[in-house]
Amino acid sequence: MSEVVGRIHSIETCGTVDGPGIRYVVFAQGCPLRCMYCHNPDTWSINNPNAMRRTVSELMPDIIKYKSYFRATGGGVTLTGGDPLMQKEFALELFKACKQEGLHTCLDTSGYSRVDALTKTILEYTDLVLLDFKSINPDTYEKVTGFPIERTMKFAKYLSDNNIPAWALFVLVPGLTDDEKELKDLAAYLTTLKNIERVGVHPFHQMGAYKWRQLKLDYQLNNAPTPTPEETEKVRELFKSYGFVVR
């Protein structure tokens, strides 16, 4: 039987922001959402002709080179995107191979995938999920992503019900995701989940805007400011007040 071929946007060999420790980060091609602030819109299409095509057996020799860094820092392998659950068979084979090598695995996802049998199997080989919460308000979520919130909520519930460790990630965009009531509602909702180990508040930036122009996409946040350090810290303190470890 032939191996599953993954479609990969890029690889970062010593990442430090996509999970704990030093990490080998694989950016998978394909995403079901169309977030207004996405800084990698070139990952949206799974059929991007510029994507690398790699099998797990081709990737693993390079990943193994960094084992000493993973062990020294508590790191491992992160599969992100795009959204890696657009390529479930590849995600499963990669995480299986990583676990055979004793490596920590981290899945970064919007949670928009259906929680089907294959997704559940992937999560059996997943040590940590980075779950992107765009907003807890259904209207804001749909405005940001172009899609309804229900699938992400079902995914989050499945993780909690099955005690799968997760970090909740949130992008702070002034005038879009910074409503104080919605932030408090999100924090309160996260307290109902029993698996959230950390909350990450990430300030919006314009570093990906040029990609939207290159791809001739309608970028609606040209005039959106980056939140000030004080504004970002205020939101972090809000989540801390609900008992979360925040970065």
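In this predicted model, the largest nonpolar core holds 51 residues, and Ile63, Leu94, Phe133, Leu190, Val199 and Phe239 are the ones that touch the most other members. Helix H3 chips in with seven residues, the largest share of this core. There's also a second, separate core of 19 residues, and Cys31, Cys35, Val144 and Trp212 are among its members. As a bit of background, nonpolar side chains in soluble globular proteins tend to be buried together.

Val199 gives a good look at the bigger core. Setting aside its neighbours within four places in sequence, Val199 is in contact with Ala168, Leu190, Phe239, Phe244, Val245, Val246 and Arg247. Two of those names, Leu190 and Phe239, turn up again in the list of core residues that touch the most other members.

Next come the strands, with S4 as the starting point. Strand S4 covers residues 76-80 and is mostly covered, with five of its five residues buried. S4 has partners to look at in turn. Strand S2 (residues 23-28) pairs with S4 in the parallel sense, over five bridges. Within that pairing, Phe27 sits opposite Thr80 of S4. Strand S5 (residues 104-109) also runs parallel to S4, and four bridges join the two. Here it's Gly76 that stands opposite His104 of S5. Getting from S4 to S5 involves helix H3 (residues 88-100), and the three elements make up a right-handed β-α-β unit. That's the H3 already met above, the one with the largest share of the main core.

Just past S5 there's a residue worth a stop: Tyr112, in the loop between S5 and helix H4 (117-124). Loop or not, Tyr112 counts as buried because its relative accessibility is 9%, below the 20% cut-off. So what is Tyr112 in contact with, leaving aside its neighbours within four places in sequence? The list runs to Pro32, Leu33, Tyr141, Phe147, Pro148, Arg151 and Thr152. Tyr112 and Leu131, meanwhile, are 19 residues apart in sequence, with their C-alpha atoms 9.9 Å apart in space.

Charged side chains tell another part of the story. In general, side chains of opposite charge can pair when their charged atoms come close. The structure holds ten salt bridges. One of them joins the side chains of Lys211 and Asp42, at 3.5 Å from N to O. Lys211 belongs to helix H8 (residues 209-214) while Asp42 is in the loop between S2 and strand S3 (52-55), so this pair ties together parts that are 169 residues apart in sequence. Are these two partners buried or exposed? Lys211 counts as buried, at 13% relative accessibility, and Asp42 is buried too, with a relative accessible area of 19%.

Helix H7 (residues 180-191) offers salt bridges of a more local kind, with partners four residues apart. The side chains of Lys184 and Glu180 meet at 3.4 Å, N to O, and because the two are four residues apart in H7, about one helical turn separates them. Lys184 is partly exposed at 36% relative accessibility, and Glu180 is partly exposed as well, at 43%. Asp185 and Lys181 also form a salt bridge, this time at 2.7 Å, N to O. Asp185 and Lys181 again lie four residues apart in H7, which means about one helical turn between them. Asp185 is partly exposed, with a relative accessible area of 33%, whereas Lys181 is exposed, at 57%. Elsewhere, salt bridges with shared partners link Glu233, Glu237 and Lys240 into one network.

Last up are the aromatic rings. A search of the whole structure turns up seven aromatic pairs. One example is Trp212 with Tyr219: their ring centres are 5.1 Å apart and their planes meet at 50 degrees, so the pair is tilted. Both residues are tucked away, as Trp212 counts as buried at 5% relative accessibility and Tyr219 counts as buried at 8%. Trp212 has come up before, as one of the residues in the second core. Finally, Tyr24, Tyr66 and Tyr69 group into one aromatic cluster.

Conventions. Residues numbered from 1 in each chain as written. Predicted model: local features only at pLDDT ≥ 70, side-chain atom pairs only at ≥ 80, totals over all residues. Heavy atoms only, no water. Buried < 20%, exposed > 50% of the residue type's maximum accessible area, 1.4 Å probe, protein only. Pairing = 2+ DSSP bridges. Right-handed = clockwise from strand over helix to strand, strands pointing away. Contact = heavy atoms within 4.5 Å. Core = buried A, V, L, I, M, F, W, Y, C linked by side-chain atoms within 4.5 Å. Salt bridge = Lys/Arg side-chain N within 4 Å of Asp/Glu carboxyl O. Phe/Tyr/Trp six-rings, centres within 6.5 Å; stacked < 30°, edge-to-face > 60°.
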